[in-house]
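Dear colleague,

I am passing on a structure for you to look over, and you will find it just below. My notes on what turned up in it follow after that.

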Amino acid sequence: SCASLCGNPWGSATDAINTTDALFTLRVAVELEQCNLCVCDVDGSGGVTATDALVSLKIAVGQQIPLECPACAG
């Protein structure tokens with residue numbers, strides 16, 4: 001389900017968030033890609049911004065930051 005992929009658009013529920021995920025989230029923020037909010041809105045702001053990409057990148061380099069993706073619709 002999409003909720004299990006919070007912050008991890010390119011992986012599975014068991015993969016760690018990596019720099020590819022962060023880059024994809026940045027591409028979503030500048031409207032080059034599309035992504036469900038329940039996957040790419042990792043700060044729970046209601047939209048995908050560069051801040052979401054930065055949070056993902058911080059997680060990829062080992063910082064312990066909680067993810068706050070909204071629940072998936074449906």
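**Disulfides and overall fold**

Cys35 counts as partly exposed, because its relative accessibility is 22%, and the cut-off for buried is under 20% relative accessible area. Please keep in mind throughout that this is a predicted model. The partner of Cys35 is Cys40, to which a disulfide joins it with the two sulfur atoms 2.0 Å apart. Cys40, in contrast to the partly exposed Cys35, is buried, with a relative accessible area of 1%. The torsion about the S-S bond of Cys35 and Cys40 is 80°, and the link is right-handed.

A search of the whole structure gives 2 disulfides, and the other pairing is that of Cys6 with Cys69, where the sulfur atoms again lie 2.0 Å apart. The torsion about the S-S bond of Cys6 and Cys69 is about 85°, so this disulfide is right-handed as well. Since Cys6 lies in the segment before H1 and Cys69 in the segment after helix H3 (50-60), the pair ties together parts of the chain that are 63 residues apart in sequence. Cys6 itself counts as buried, because its relative accessibility is 14%.

As for the fold, the chain has 3 helices and 0 strands, so that the order of elements, read from the N terminus, is α-α-α. For a chain of 74 residues, a compact globule would be expected to have a radius of gyration near 11 Å, and the value for this chain, 11 Å, agrees with that. The C-alpha trace spans about 30 × 25 × 20 Å along its principal axes. Among the contacts with a separation of 6 or more, 50% are accounted for by residues 24 or more positions apart.

Turning to burial and surface, 31% of the 74 residues count as buried, while the chain exposes about 4,400 Å², of which carbon and sulfur atoms supply 55%. One feature of the surface that you may wish to look at is a nonpolar patch of about 370 Å², made by Leu23, Leu26, Val30 and Leu32. Of these residues, Leu23 has its place in helix H1, which covers residues 19-29.

With best regards

Technical notes: Residues are numbered from 1 along each chain as its sequence is written. This is a predicted model: local features need pLDDT of at least 70, side-chain atom pairs count only at pLDDT 80 or more; totals for chains, interfaces and linings use all residues. Side-chain values use heavy atoms; hydrogens and water are left out. Helices (H or I, at least four residues) and strands (E, at least two) are DSSP runs, numbered from the N terminus. The radius of gyration is taken over C-alpha atoms; the globule rule is 2.2 Å times the number of residues to the power 0.38. Buried means under 20% relative accessible area, exposed over 50%, partly exposed in between (1.4 Å probe, protein chains only). Contact means heavy atoms within 4.5 Å. Accessible areas come from the Shrake-Rupley method with a 1.4 Å probe; for residues, only the protein chains shown count as cover. Patches are made of residues with over 30% relative accessible area and no salt bridge: like charges are joined within 9 Å, nonpolar side chains (Val, Leu, Ile, Met, Phe, Trp, Tyr) within 5 Å. A salt bridge is a side-chain nitrogen of Lys or Arg within 4 Å of a carboxyl oxygen of Asp or Glu. A disulfide is a pair of cysteine sulfur atoms within 2.5 Å.
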